[in-house]
Amino acid sequence: MGFEEVRFEQDSEKAIHNKPLQKALVNVTNRFRTARNKASEDVPNWDNLRAAAREIKKETIENLDKYLLMLEERVKRAGGKVHWAKDAEEASQIIVNIAREGNVKSVVKSKSMATEEIELNNSFEDAGIKVIETDLGEYIIQLAGERPSHIIAPAIHKTKEDISKLFSAKLGIPRYDKPEELTKVAREILRSEFLNADMGVSGANFAVAETGTIVIVENEGNARLTTTVPKIHVALVGIEKLIPRYEDLSLFLTVLARSATGQKSSTYVSFITGPKRSTDIDGPEEFHLVLLDNGRSKILASEETRESLYCIRCGACLNNCPVYRKVGGHSYGWVYSGPIGAIITPQLMGIDKAPELPFASSLCGACKDVCPVKIDFPKVLLELRKNVVESKKGSTGIGERFGIRLWRFTVEHESIYKITNKLSYYFQLPWKGRNGKLNSLPYPFSRWTDQRDFPAVAKKTFRERWKNNKGETG
Amino acid sequence: MSNNSREEILHTIRKGLEGVGKNEGKVLADANRNFHSEAEEVHKRIDESQSALITQFAGELKEVNTNVIETGSKNEIKKSLLGLIKEKELKSFSIWESQFLKEINLKQELKDAGLKLVTAKNKNRIANSDIGITEVDYAIADTGTLVLLTDKNQPRSVSLLPPIHLAIVRPENLVRNIGDLFVILKSRLENIEDITSCMTFITGPSRTADIELSLTLGVHGPKELFVLTL
């Protein structure tokens, strides 16, 4: 399960031939897309809200050091402890140590991409501490030993039959086939886990610098249980999750819920500031905030790609991406998928570990159009493509450079361009398939046609057709 | 170890932001907004449209699978609640001790009706009780959201662990939208230390669609949510 290298080409090929996955992808992305579109149209000034959210994120990121120190101070004042982790290993170590010091035997977790990122579950297991994912989708994924395939709906690649078999095999229970029955089984098992757990680990959707509050958005209630029932609460939060002011939440919660699932408000939002107060009747006695860098602070240095850190993880870019909609989450090789995965995985892990991802896009810009903080995905992708090529892991060999020169020479000389057009029509004929397209060209063009057809060169050029048709179309 | 990382992270951030961070004065600049006068404005506008807000709120609640019980008086609250207890065969309860709930003495009424009172101190007991009763601090009309603030009389588990949550909403606690709410919250936050350890927004009962996108209620939190409006 550990991260080694992204193999987008190979994994996406597999995904495309996986029929149940293709069906699930269409269902989930269509459902979320329709809901998001409706929810955003309901808000008269939606684009202004997006612009305002972007401005606030920009302000936060450009003053990140100051806001982090403010957050630290406010969390401490509320009675919480703050830890700084420069990478995944250190973050896991910090959290496992908190567990050891608290004599923790069992941990419940609510959904958190950051904990996926640092592979926290492995560290707990290595330390002999039991850890249970409690979001229903994540629980299914944990039982199956897999990775989430969608930020919002992690187990969407599994059918109810898959889940029924999985529950029966792993939990030793009879086969239940209805989603309601399976959900009920999970509720009962997880409820007793909550009541027995010594520690709860959550992520956060936002951390408010001004008040030291972390905010968790969810529908199931497992994050509420995780942060209420056990005696220790640990929140692992990426340093980019900050927002400056308490009242900024009204804007961010509005755009997040509508962009993610199309809800006006998510079912539960928890605003947690420190541990329980001495007069409170329930809630955790200890609160730890672990601030995770893991490559984020380096992204800041690039003006062109800095905005990757504005992301609030709503998943709208996934649902609207023609590439994600075909290849699914696992093809992106790591915890973040879709357009956001294509831009942050190479930046967090190193461009040499994921050189294919910046190219896993048609640059159509659908992601940019729906992004609640208006991240300019095509711009960032192009910058990253440039970095890939410059790091020499890219594909500009002598052949490609020669090809581009030849192309340039041709289009710069009109007569040669005309002749080339005619000639290519005849040259292509041996490869022209029955559908009128080129479907198996020799190397190096086979790298294109192995995956999809190439449109054939027409017999008549556009100029010729224009001349002939001019009279008809007026 | 951790301290070194703190310095290292801050150093990398500062280095990365060289040439950008010239807006020193901008940090929290909006804190200069006057939330007291804004809150006054907000309250005025809410008062003008209160009955419309109640209708809107009830409509939104129904959209999110919440049962709305409209009552006209304190007596009706008791009557509706006793009806529910009979219908659902409820045997035990936990309850918040807000000013209003104390005034109408609901706790005693329920005890008199034969229900067992459970405290939030014991997580196992409250998890096995039948209903949790709260009186919300605020409610947001345009999303159907309940806003609950934790304090010494208002423990978190009451709206979380029992299978049924019943929330009482008084009209004076309704706000138009989340923007209004944060203006009011901010205006009342004289001192950052006074902030509650936990504020919770609740919009409908617990739900999931993690299995084939099929909507299922009551996965972790309460399976049923009742809102009693006055």
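In this predicted model, A:Phe271 is tucked away from solvent: its relative accessibility is just 1%, so the residue counts as buried. Its ring has a partner on the other chain. A:Phe271 and B:Phe182 make an aromatic pair of the tilted kind, with 6.2 Å from centre to centre and 55° between the planes. The pair runs between chains, from strand S9 (residues 268-272) of chain A to helix H8 (residues 178-188) of chain B. B:Phe182 is buried as well, with a relative accessibility of 0%. These two rings also belong to a cluster, in which ring pairs link A:Tyr246, A:Phe271, B:Phe182 and B:Phe201. Over all chains, the count of aromatic pairs comes to 11.

Another of these pairs joins A:Trp448 and A:Phe454. Their ring centres are 5.4 Å apart and their planes stand at 80°, so this pair is edge-to-face. Solvent reaches both partners to some extent: A:Trp448 is partly exposed at 38% relative accessible area, and A:Phe454 is partly exposed at 35%. A:Trp448 has company from a charged residue too, since the charged end of A:Arg452 sits over the tryptophan ring, 4.1 Å from its centre. A similar arrangement involves A:Arg224, which lies over the face of A:Tyr268 at 5.1 Å from the ring centre.

A few spots in the backbone deserve a look. Most residues other than glycine have a negative phi, and most peptide bonds are trans. The bond between A:Tyr443 and A:Pro444, however, is cis, with omega at about 5°. A:Pro444 is in the loop that runs between strand S11 (437-438) and helix H21 (446-449) of chain A. On chain B, B:Glu89 is not a glycine, yet its phi is positive, at about 55°. The residue belongs to the loop between helix H4 (74-88) and strand S2 (92-95) of chain B. B:Leu213 likewise has a positive phi, near 60°, without being a glycine; this leucine is in the loop between strand S10 (207-208) and strand S11 (216-217) of chain B. Are these two loop residues buried or exposed? B:Glu89 is exposed, because its relative accessibility of 58% lies over 50%. B:Leu213 is buried, because its relative accessible area of 7% is under 20%.

Chain B as a whole has eight helices and 12 strands. Its C-alpha atoms fill a box of roughly 70 × 50 × 40 Å along the principal axes. Of its 230 residues, 53% count as buried. Among contacts in chain B with a separation of 6 or more, 75% come from residues 24 or more positions apart.

Back on chain A, two helices pack against each other. Helix H16 (residues 338-349) and helix H18 (residues 377-390) meet at an angle of about 35°, and their axes are 10 Å apart. Their crossing is left-handed. On the H16(A) side, the residues involved are A:Pro339, A:Ile340, A:Ala342, A:Ile343 and A:Gln347, while H18(A) brings in A:Phe377, A:Val380, A:Leu381 and A:Leu384. Sorted by type, the residues of this contact are eight nonpolar, one polar and no charged.

Two further residues of chain A show who touches whom. A:Val217 sits in strand S6 (residues 213-218) of chain A and is buried, at 18% relative accessibility. Setting aside residues up to four places away in sequence, this valine touches A:Asn205, A:Leu253, A:Leu256, A:Ser266, A:Tyr268 and A:Val269. One of those, A:Tyr268, is the residue whose ring carries A:Arg224 over its face. A:Ile398, by contrast, is 181 residues away from A:Val217 in sequence and 51 Å away in space, taken between C-alpha atoms.

The other residue is A:Lys231, in the loop between helix H11 (222-228) and strand S7 (232-238) of chain A. It is partly exposed, with a relative accessibility of 35%. Beyond its neighbours within four places in sequence, A:Lys231 is in contact with A:Gly102, A:Asp198, A:Pro284, A:Glu285 and A:Glu286. From C-alpha to C-alpha, A:Lys231 and A:Arg33 are 39 Å apart, with their positions 198 residues apart in sequence.

Terms used. Residues numbered from 1 in each chain as written. Chains lettered and ligands numbered in written order. Predicted model: local features only at pLDDT ≥ 70, side-chain atom pairs only at ≥ 80, totals over all residues. Heavy atoms only, no water. Axes fitted to C-alpha atoms, helices over the stretch in contact; angles between N-to-C directions. Helix = DSSP H or I, 4+ residues; strand = E, 2+ residues; numbered from the N terminus. Left-handed = near helix turned anticlockwise from the far one by under 90°. Contact = heavy atoms within 4.5 Å. Nonpolar A, V, L, I, M, F, W, Y, C, P; charged D, E, K, R; others polar. Phe/Tyr/Trp six-rings, centres within 6.5 Å; stacked < 30°, edge-to-face > 60°. Buried < 20%, exposed > 50% of the residue type's maximum accessible area, 1.4 Å probe, protein only. Lys NZ or Arg CZ within 6 Å of the ring centre and 35° of its normal.
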